[in-house]
Amino acid sequence: MRILLLLIVTLLPGLALAQPGALSGNLSSVGSDTLGYLMTLWGEDFSRQAPGVNVQVQASGSSTAPTALAAGAAQLGPMSRPMQADERQAFEARYGYPPLAVPVAMDALVVVVNQRNPLQQIEPRQLDAIFSITRLCGAHSVPLRWGDLGLTGAQWSKRPIQRYGRNSASGTWGFFKQQALCKGDFRSDVAEFPGSAAVVQAVAGNSRSIGYASFGFHLSGVKMLAVMNDQGQAITPDAEAIRSGRYPWARPLYLYVNKAPGKPLPPLVAAFLQQVLSAQGQRRVSEAGYLPLSDSQMTQARAALR
């Protein structure tokens, strides 16, 4: 969290110079589906502050952000995961410096089952065995039916497990692969969906299914499973556990931007980030279902703005 705070505080002094009402032009965002709704909310707020600016949001997956930024096709690159080394290198090859990562909200990757499913918690090794072909997290067997996860009774013990997840353009897919699958490979029978909302809706409609999604998409019809930690404790993905780091799959959400070292941000980008990191911008984070930046982060950010 200290690294995230330093990124914000380092960036904010330059933002105080932005005057949204006097700006005009086009501001384009290409990237994360997880951040798509939040970017739309921020874009609407920004358009009210800066009527002369046309904000365009394309939420086609985190993997599209680095390419768009490197090509100059977008000024904002929302991502639900950090950029990979090859993505940063492609940007540096063109500009001579890396893109700047600005954390804007907190999220977590959650495991969801149908609300009628009696399962309450899951071990990371079990989850890896359900979704991966490689089982690098150490499981010795593959759960094929809900009885393999401890559910009893005729209704559940013989019921097959159906797997739902994201497509490979998604940062959530990449984060799940790295964290939950120990960098292993997915099974071929995982049904892929283009967004977390679609995953959650599919799980809500199928009592046999299990899926993974962003914390911001915990909708009715599903329940989030607690995840067992190394000490055998079941950690529920709530706000406290995510903020404290006790929940194992907490993650920041980023906006990547093109900022040359020693030079100010372009005025449109600076003004947009100023709004995102404002009290209103962080309220939008809560409205979208995510966690705003911590009080200590925002206190120091506001001090930097002054």
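Two strands count as paired if DSSP finds at least two bridges between them, and with that in mind we can start with a small sheet in this structure, which is a predicted model. Three strands form an open sheet in the order 5-10-11, and the pairing within that sheet is mixed. Its edges are strand 5, residues 121-122, and strand 11, residues 234-235, each of which pairs on one side only. Strand 10, residues 226-228, joins strand 11 through two bridges in the antiparallel sense, and if you want a residue to look for, Val 227 has Ile 235 as its bridge partner in strand 11.

Let me turn now to strand 12, which covers residues 250-257. Is this strand enclosed by the rest of the structure, or is it open? Seven of its eight residues are buried, so strand 12 is largely enclosed by the rest of the structure. As for its partners, strand 4, residues 100-114, runs antiparallel to strand 12 and is joined to it by eight bridges, with Val 102 facing Leu 255 of strand 12 as its bridge partner. Strand 3, residues 77-79, also pairs with strand 12 in the antiparallel sense, over three bridges, and here the bridge partner of Gly 77 is Tyr 256.

Strand 12 comes up again when we look at helix 3, residues 64-71, in which Ala 65, Pro 66, Ala 68, Leu 69 and Ala 70 are buried. The buried residues of this helix pack against strand 12, and also against strand 1 (25-31), strand 3 and helix 4 (85-95). Just after helix 3 comes Gly 72, whose phi is positive, near 75 degrees.

My last topic is a pair of helices. The axes of helix 2, residues 36-49, and helix 11, residues 279-287, come within 9 Å of each other and cross at roughly 150 degrees. Angles over 145 degrees count as roughly antiparallel, and therefore helix 2 is roughly antiparallel to helix 11. The crossing of helix 2 past helix 11 is right-handed. Which residues make the contact? On helix 2 they are Leu 38, Leu 41, Trp 42, Asp 45 and Arg 48, while helix 11 brings Gln 280, Gly 281, Arg 284 and Val 285. Sorted by class, the contact between these two helices has four nonpolar, two polar and three charged residues. When you look at the numbering of such a list, it helps to remember that an α-helix has 3.6 residues a turn, so residues three or four places apart point the same way.

Notes:
Residues numbered from 1 in each chain as written. Predicted model: local features only at pLDDT ≥ 70, side-chain atom pairs only at ≥ 80, totals over all residues. Heavy atoms only, no water. Buried < 20%, exposed > 50% of the residue type's maximum accessible area, 1.4 Å probe, protein only. Helix = DSSP H or I, 4+ residues; strand = E, 2+ residues; numbered from the N terminus. Axes fitted to C-alpha atoms, helices over the stretch in contact; angles between N-to-C directions. Parallel < 35°, antiparallel > 145°, perpendicular 65-115°, else oblique. Left-handed = near helix turned anticlockwise from the far one by under 90°. Contact = heavy atoms within 4.5 Å. Nonpolar A, V, L, I, M, F, W, Y, C, P; charged D, E, K, R; others polar.
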